[in-house]
Amino acid sequence: MSKWVYSFGGGTADGRSEMRELLGGKGANLAEMSSLGLPVPPGFTITTEVCTYFYKHDSRYPDDLEQQVDDALATIERHVGARFGDAKNPLLISVRSGGRASMPGMMDTVLNLGLNDETVEGLAKAAGDRRFAYDSYRRFIQMFGDVVLGVDHHNFEEILELAKEDRGYMLDTELTAEDWSKVIEAYKAKVKSETGEPFPQAPRDQVWAAIGAVFGSWMNQRAITYRRLHNIPAEWGTAVNLQAMVFGNMGDDCATGVAFTRDPSTGSDTFYGEYLVNAQGEDVVAGIRTPQNLTLRGKEMNNSKLPAMEEVMPEVFQQLDDVRRVLEKHYKDMQDIEFTVQRGTLYMLQTRTGKRTAPAALKIAVDMVHEGLITEAEAVQRLDPNSLDQLLHPTLDPKAERKVIARGLPASPGAASGKIVFTADAAEAQAAEGVRVILCRTETSPEDIHGMHAAAGILTTRGGMTSHAAVVARGMGRACVAGAGELRIDHKSGVMRVRDLELHEGDLITLDGSTGEVMQGAVPTVQPELSGDFGQVMEWADKFRTMGVRVNCDTPQEAKVAVKFGCEGIGLCRTEHMFFDSGRIVAMREMILADSSEQRRRALDKLLPYQREDFIALFKEMAGRPVTIRLLDPPLHEFLPHEDAAVAEVAKASGLTEEQVRARSLKLVETNPMLGHRGCRLGITYPEIYEMQARAIFEAVAAVAKETGDTVVPEVMIPLISVKKEFEVLRELVDKVAESVRKSEGIAIDYMVGTMIELPRACLRAAEIAEGAEFFSFGTNDLTQTAFGLSRDDAGNFLGAYEQRGLIDQDPFISLDVEGVGELMLIGAERGRSTRPDIKLGICGEHGGDPASIAFCQTLPLDYVSCSPYRVPIARLAAAQAALARKNA
């Protein structure tokens with residue numbers, strides 16, 4: 001018989017933390033905490049395998065699951081001393097999801113399950129508090145109605161608001177047991193009117209309906225969106241955790257809270273969190289009430305007047321602080337924990353690896369190495385390379401004027417300016433048109449995930465540092481200010497007010513997520529300075545990686561940034577970008593429109609000084625590092641004018657009529673230019689173009705050597721080679737120019753000539769191409785296009801549908817298609833090395849900055865990856881992780 005259910009509690013557990021794939025993160029960690037002897041309410045986990053079975057068998061369960069659930073419920077009853085469904089002493093349970101990857105707020109939870117019109121009276125007597133019992137019952141109806149029965153939560157909120165209004169109440173806590181009883185009747189009536197059925201009273205029916213709802217929520221739209229954004233496979237499924245309820249809402253000696261064992265924004269080793277007295281956990285994370293700080297230090301830093309847990313419940317706080325240390329020492333990482341205090345007794349409800357900002361991740365990793373908790377290799381391996389993006393972008397200029405209109409909590413660091421939008425849909429729509437927006441909400445919910453991802457920043461008027469908005473924003477790297485209570489948002493009229501100021505949708509504001517400030521208008525920014533923890537981690541990464549990291553860049557400015565970020569050379573200089581400058585484009589167009597080689601050479605003579613100066617500037621910035629220069633690649637028609645004024649300018653410069661210019665332009669237009677007259681084919685038909693570029697390269701080498709003494713070894717890359725003889729002809733051309741410059745300059749010139757491997761035929765014939773080529777650089781942008789038969793410019797129209805239907809895992813232009821394009825690369829690498837064992841191999845497509853693609857490159861292995869300037873640190877870290885993973889495999 002298969003084991004579908006794993007119990008925990010009472011200091012023992014069937015599972016352990018290593019069983020995340022089977023028990024999900026929550027279930028595995030509950031089992032582990034129970035085994036550690038921490039105060040965990042007893043419960044059990046239904047495995048992810050049941051979720052897989054559920055979706056494969058038309059929402060049905062394995063035959064023996066029901067008996068295993070009954071047995072596990074009986075075990076909880078023995079631990080707690082109460083019985084599920086008993087009218088006098090009822091056991092209540094919570095039902096929560098728990099996938100192997102954390103998905104905060106994305107999936108469904110039901111609390112207080114087991115309550116009905118009879119058991120609520122038993123709970124009231126057992127607790128000695130009728131108001132608490134009825135408050136718990138109304139919470140259950142509200143959650144179960146929303147999550148399981150599909151009755152929108154706004155229906156219940158409206159009933160509650162009307163009840164408070166009728167009685168002149170401001171707060172939920174003012175309602176009496178009798179008040180709650182009437183609210184409950186209204187809730188049940190609403191359920192019946194919306195569903196056509198009375199609210200279910202049988203606890204057993206409630207359990208199975210809730211289990212089905214949790215499994216069903218794995219495929220709800222917000223969970224699907226979250227998985228797509230975070231690359232979580234749908235086939236992983238979710239586990240379901242059923243656990244005895246403990247109550248933080250039985251009175252003033254009760255509380256509930258969320259905490260991080262270190263500050264998730266800064267990484268400092270300080271206990272960080274929030275709690276609410278007389279509340280249930282959902283009240284904290286939903287942002288419904290503004291929570292209080294755990295520590296006195298946190299209270300002081302946030303200028304709060306509300307008492308901290310450290311002063312209200314000092315003994316319980318000390319127990320919680322001890323648990324914090326136990327968990328960090330055990331898991332060797334910062335933990336995100338949930339807890340409840342029931343009548344002065346602490347219970348741990350969850351622990352998981354805490355989400356954190358990129359600066360915090362670096363600091364925690366470095367500090368834990370210094371504390372002896374982890375090794376340098378472990379520190380490098382646990383960091384998310386993509387999260388470094390948060391460090392590599394501008395922050396607010398401290399010297400700039402700023403008009404602060406409100407302050408909230410610094411929920412996620414960074415700075416963002418944009419136009420105000422009030423809905424997630426508006427954020428997504430405007431961002432798709434290239435508009436930077438700030439999503440402004442009273443509070444966010446999981447349904448807002450798509451708008452939060454699209455927005456440059458997030459602003460809420462309610463909620464704390466562990467609210468949904470704060471946690472999700474930190475994970476996404478979005479600037480976020482939460483709980484800006486001075487602001488009032490009128491969603492219907494599209495207005496946000498603060499004192500006498502009115503801001504409308506479309507107005508510009510700026511957020512500083514590091515200080516919690518909200519500013520009117522756009523505030524200038526400054527580039528980040530990278531040092532300290534960042535520098536330490538990069539130093540460790542460089543020690544472990546075996547592949548080099550170069551940069552794709554065409555200008556000295558980009559090169560300067562890349563050198564600052566630690567690049568080891570240029571892996572791709574696209575020379576065509578240099579010709580679009582206003583001072584050069586006319587001469588370039590003259591060359592293209594020329595009817596003879598002589599005319600082309602005259603035009604190219606005008607371009608030679610420009611091109612030489614370009615290379616001199618790049619060589620100086622690289623200071624002796626290798627520089628790979630791709631000779632002209634794109635179709636010539638891309639350089640030709642379309643507007644009347646530009647046509648007239650070219651006609652005047654070339655001595656042609658405007659009609660002749662247009663006719664020549666029309667003649668160059670191709671049906672499929674990406675597979676047309678481009679790359680090495682230009683060099684074959686117009687060799688004077690490549691001659692000029694080669695001369696500019698070698699004259700620049702000589703000039704830099706004479707001026708600075710640096711020895712530059714350029715790598716001349718011939719693009720789009722598919723036939724060995726193409727390469728041989730153009731290699732001979734480059735060699736002749738090099739020899740000519742050597743004689744005229746009187747200086748030895750060392751250089752390499754290679755090719756960009758970007759066609760399937762080049763991969764297949766790599767052995768013979770390598771006879772003359774000293775290096776290969778895989779151009780995976782075009783290799784992906786030609787392997788799939790896709791146009792990168794047009795594929796976006798349908799690749800999204802392919803991803804949604806599971807036809808492909810992800811866009812192959814973002815992350816390398818290992819099975820197809822990867823196999824072509826493997827063939828090319830193996831066959832190239834078979835002829836030339838010391839051939840230098842690299843990658844210069846956009847995949848060179850993608851961590852998953854870098855991991856594949858390590859398996860070939862390549863000598864280096866090359867990526868855009870701001871991806872260089874990401875590539876350095878990813879390359880180190882790839883090397884360590886391969887070493888430990």
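Student: Which residue of S3 stands opposite serine 7?

Tutor: This is a predicted model, in which local features need pLDDT of at least 70, side-chain atom pairs count only at pLDDT 80 or more, and totals for chains, interfaces and linings use all residues. Residues are numbered from 1 along each chain as its sequence is written, while side-chain values use heavy atoms and leave out hydrogens and water. Strand S1 (residues 5–9) pairs with strand S3 (residues 43–46) in the antiparallel sense over four bridges; strands (E, at least two residues) and helices (H or I, at least four) are DSSP runs numbered from the N terminus, and two strands pair if DSSP finds at least two bridges between them. Opposite serine 7 in S3 stands phenylalanine 44.

Student: Which strands stand at the edges of the open sheet?

Tutor: Six strands make up this antiparallel open sheet, in the order S2-S1-S3-S8-S6-S7. Each edge strand has a single partner strand, so one side of it is left without a neighbour in the sheet. The edge strands are S2 (12–13) and S7 (109–113).

Student: What angle does the direction of helix H1 make with that of S6?

Tutor: Helix H1 (residues 20–35) packs on the open sheet, touching S1, S2, S3, S6 (93–99) and S8 (238–244), where contact means heavy atoms within 4.5 Å. Axes are lines fitted to C-alpha atoms, for helices over the stretch in contact, and angles run from 0 to 180 degrees between N-to-C directions. For H1 and S6 the angle is about 120°.

Student: What is the phi of asparagine 112?

Tutor: Asparagine 112 is placed in strand S7. Although this residue is not a glycine, its phi is positive, at about 65°.

Student: How is H14 oriented relative to H19, roughly parallel or roughly perpendicular?

Tutor: Helix H14 (residues 358–370) packs against helix H19 (residues 533–544) at about 65°, with axes 9 Å apart. Angles under 35 degrees count as roughly parallel, over 145 as roughly antiparallel, 65 to 115 as roughly perpendicular and the rest as oblique. H14 and H19 are therefore roughly perpendicular.

Student: Which residues of H19 make the contact with H14?

Tutor: The two helices pass in a left-handed crossing, meaning that the near helix is turned anticlockwise from the far one by less than a right angle, clockwise being right-handed. H14 contributes Leu362, Lys363, Val366 and Val369. From H19 come Asp533, Phe534, Gln536, Val537 and Trp540.

Student: What is the handedness of the crossing of H6 and H7?

Tutor: Helix H6 (residues 153–167) and helix H7 (residues 177–195) pack at about 145°, and their axes are 10 Å apart. Their crossing is right-handed.

Student: By how much are neighbouring strands of the barrel turned against each other on average?

Tutor: The barrel closes from eight strands in parallel pairing, in the order S27-S28-S29-S30-S31-S32-S33-S34. With direction ignored, the average turn between neighbours is 25°.

Student: Which residue of S33 stands opposite phenylalanine 775?

Tutor: Strand S32 (residues 775–778) and strand S33 (residues 840–843) share four bridges in the parallel sense. The residue opposite phenylalanine 775 is lysine 840.

Student: What is the omega of the cis peptide bond between leucine 860 and proline 861?

Tutor: Proline 861 is placed in the loop between helix H33 (851–859) and strand S34 (864–867). For the cis bond joining leucine 860 to proline 861, omega is about -20°.
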